[in-house]
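Open the model in your viewer and keep the selection tool at hand. Here is a walk through it, one stop at a time.

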Amino acid sequence: MIMTMFLQSLSLRKASVFLFLSFLAFPLHVSARPATFLQDFRVTWSDSHIRQIDGGRAIQLVLDQYSGCGFASKAKYLFGRVSMRIKLIPGDSAGTVTAFYMNSDTDTVRDELDFEFLGNRTGQPYTVQTNIFAHGKGDREQRVNLWFDPAADFHVYTIFWNHQHIVFYVDDMPIRVYKNNEAKGIPFPKLQPMRVYSTLWEADDWATRGGLEKINWSKAPFYAYYKDFDIEGCPVPGPATCASNRGNWWEGATYQALNAMEARKYRWVRMNHMIYDYCADKSRYPTTPPECVAGI
């Protein structure tokens, strides 16, 4: 009986130590998914055109002849992962742009990571344009035609960012990788925290076929839907040691490069669905940009 009680006591102590260590290991300073839209975001533009759905767990963005709209995260973040489920404008969406991006708000030296969904004429594939600004230098556009109808259902769009690389994902498919090549003198966003933004707006001077396809206002209003706002990163202001903490999950060995399965998916997307790459645009860049030579 005494031996049984001793073993039970020992087992309880071991469990307590395990729970305590697990508690210490959990990154308390890391932001996680908000319960509702307004917990971590605020409307930045035309609040009459952003409508909360399902108790704030989803939102509807509206574009009409009078206004587009936008929202932003209340905090800025330095490294981590940001994702949202988005259902894009159905039917004839030519001339519209639905954007999901991160921006440092620092003007001439800004860092920015962009998803821009370029509207289309009915029956044409949706194009997603990505762009990266590092220390004020942008013009790094790539465009991919999506291989599904993004207006038929929600899909997950993710920006992943650590010290080694930036990866843009569509669902579980990496569509763009931008590596840290600072050792070769190429700027990489790593010092400026960025806010999360999204906007729905008219851009028919360039969005669809370079501006040849104009917005059809008889189809307005245009709607895009968002849900499952997921931010896991180091909030700023916040603990100064968070961004440099290599114990954060996104800095782990698993996330230093694409794994073999992701690399195959990445090659498939680029071979079958990429329609524009600034690295190959000799009319804009007679000399190949250095990050393209270094490997993006």
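The stops below each start with something to select. The model is a predicted one.

**Stop 1: Thr130 and its strand**

Select residues 127-133. This is strand E7, and Thr130 sits in it. Is Thr130 buried or exposed? Its relative accessible area is 2%, and that is under 20%, so Thr130 counts as buried. Now show what surrounds Thr130. Setting aside residues up to four places away in sequence, Thr130 touches Asp114, Phe115, Arg140, Glu141, Gln142, Phe168, Ile175 and Arg176. Keep Phe115 in mind from that group.

**Stop 2: the strands alongside**

Stay with E7 and add residues 142-145, which form strand E8. E7 and E8 run antiparallel and are joined by four bridges. Pick Val128 to see one pairing: its bridge partner in E8 is Val144. Next, add residues 274-277, strand E14. How many bridges join E8 to E14? There are three, and these two strands also run antiparallel. Select Arg143 here; Tyr276 in E14 stands opposite Arg143.

**Stop 3: the nonpolar cores**

Return to Phe115. It belongs to the largest nonpolar core, which has 59 residues. Within this core, Phe115 and Tyr157 touch the most other members. Which strand gives the core its largest share? Select residues 69-87: this is strand E4, and it supplies nine residues. In general, nonpolar side chains of soluble globular proteins tend to be buried together.

Then select Val97, Ala99, Leu118 and Tyr197. They are among the eight residues of a second, separate core.

**Stop 4: an annotated asparagine**

Select Asn120. The unreviewed UniProt entry annotates this residue as a "glycosylation site". Where does Asn120 lie? Look in the loop between strand E6 (112-118) and E7. Asn120 has a relative accessible area of 7%, so in this model it is buried. Show the contacts of Asn120, leaving aside neighbours within four places in sequence. They are Gly91, Asp92, Ser93, Ala94, Pro125, Tyr126 and Thr208.

**Stop 5: unusual backbone**

Two kinds of backbone feature come next. Most residues other than glycine have a negative phi, and most peptide bonds are trans.

Begin with the cis bonds. Select Ala220 and Pro221: the peptide bond joining them is cis, with omega of about 0°. Pro221 is in the loop between strand E12 (194-202) and strand E13 (222-236). Now move to Val236 and Pro237. The peptide bond from Val236 to Pro237 is also cis, with omega near 5°. Pro237 is found in the loop between E13 and helix H3 (260-272).

Next, the positive phi angles. Select Asp54. Its phi is positive, about 55°, although Asp54 is not a glycine. Asp54 is placed in the loop between strand E2 (50-53) and strand E3 (58-63). How accessible is Asp54? Its relative accessibility is 47%, so Asp54 counts as partly exposed.

Finish at Asp228. This residue has a positive phi of about 55° too, and it is not a glycine. Which element holds Asp228? Asp228 is in strand E13. With 29% relative accessibility, Asp228 is partly exposed.

Technical notes. Residues are numbered from 1 along each chain as its sequence is written. This is a predicted model: local features need pLDDT of at least 70, side-chain atom pairs count only at pLDDT 80 or more; totals for chains, interfaces and linings use all residues. Side-chain values use heavy atoms; hydrogens and water are left out. Buried means under 20% relative accessible area, exposed over 50%, partly exposed in between (1.4 Å probe, protein chains only). Contact means heavy atoms within 4.5 Å. A nonpolar core is a set of buried Ala, Val, Leu, Ile, Met, Phe, Trp, Tyr and Cys residues joined through side-chain atoms within 4.5 Å. UniProt positions are given in the numbering used here, feature names are shortened, and annotations may be inferred rather than shown by experiment. Two strands pair if DSSP finds at least two bridges between them.
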